[in-house]
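Biologist: Please take a close look at one part of this model for me. I would like to hear about the aromatic rings.

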Amino acid sequence: MISTSHGAMIVLKSLTMGNSCSLLSTAFQLSSQGPKHDEIDFEFLGNLSGDPYILHTNVFAQGLGNREQQFYLWFDPTLDFHTYSVLWTPNQIIFSVDGSPIRVFKNRETELGKVDSNYHYPKSQAMGVYSSLWNADDWATRGGLVKTDWTKAPFVASFRNFNAAATATSSFDAAAAEEEALESNQEQRLQWVRKNYMIYDYCGDTKRFPQGPPPECK
């Protein structure tokens, strides 16, 4: 089990499937157990051959998720292994692909917990690391319109070079958060990815949140 009592860097090289319609391939997932579990998702959604692959990220805290962001990639993930990593500390979660940050989820619990009692940051539960394939044809491909084609089985995703390492941060610390800030070139790369390859951000989903986005989006 891994805990933010020290923070963690999880790195995995993954080669996803070809035609994987409605199957969800988890590059990896961190998750605790129980109805109020914490979870950090780094997943490939199933796709039809010829469609671009969608990388799906989500963050759960105290059983509450709905913080999805999705991305196309700037390469074909079926042709070679690529590195998918999560840096999880008490201050923030950084999702990266081949060293390029694609998403930063910050701990704003001290600020926002006073505004929204449903806002939490995953920090108090140890989480296990999982990699898997599972059937998600109720939602994973084109919103569930396309179902799993079992004639294409077996479906295979390959993984290698898994690594998990603890970091030194022991609790939320403003100075540590400042030190963990992205360097200028990383920040530029983050904005480049988000401008050119992000295809869904829950913060901008007005149909889902007609009364306005969640407080962490503001």
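Modeller: Two rings of Phe, Tyr or Trp count as a pair if their centres lie within 6.5 Å. Keep in mind that this is a predicted model. One aromatic cluster is formed by Phe-42, Phe-44, Tyr-84 and Phe-95. Searching the whole structure gives 8 aromatic pairs.

Take Phe-42 and Tyr-84, one pair within that search. Their ring centres are 6.0 Å apart. Their planes meet at 80 degrees, so the pair is edge-to-face; the cut-off for that label is over 60 degrees. The two residues come from distant parts of the chain. Phe-42 belongs to strand S3, residues 39-45. Tyr-84 belongs to strand S6, residues 82-88. In sequence, 42 residues separate them.

Are these two rings buried or exposed? Phe-42 has 0% relative accessibility, so Phe-42 counts as buried. Tyr-84 also has a relative accessible area of 0% and is buried.

Other rings carry a charge over the face. Arg-160 places its charged end over the ring of Phe-81, at 3.9 Å from the ring centre. Arg-189 lies over the face of Trp-74, and here the distance to the ring centre is 5.5 Å.

To return to the cluster: Phe-42 and Tyr-84 are among its members, together with Phe-44 and Phe-95. The Phe-42 and Tyr-84 pair links strand S3 to strand S6.

Note on methods:
Residues are numbered from 1 along each chain as its sequence is written. This is a predicted model: local features need pLDDT of at least 70, side-chain atom pairs count only at pLDDT 80 or more; totals for chains, interfaces and linings use all residues. Side-chain values use heavy atoms; hydrogens and water are left out. Rings of Phe, Tyr and Trp (its six-membered ring) pair if their centres lie within 6.5 Å; planes under 30 degrees apart count as stacked, over 60 as edge-to-face and the rest as tilted. Helices (H or I, at least four residues) and strands (E, at least two) are DSSP runs, numbered from the N terminus. Buried means under 20% relative accessible area, exposed over 50%, partly exposed in between (1.4 Å probe, protein chains only). A charge sits over a ring if NZ of Lys or CZ of Arg is within 6 Å of the ring centre and within 35 degrees of the ring normal.
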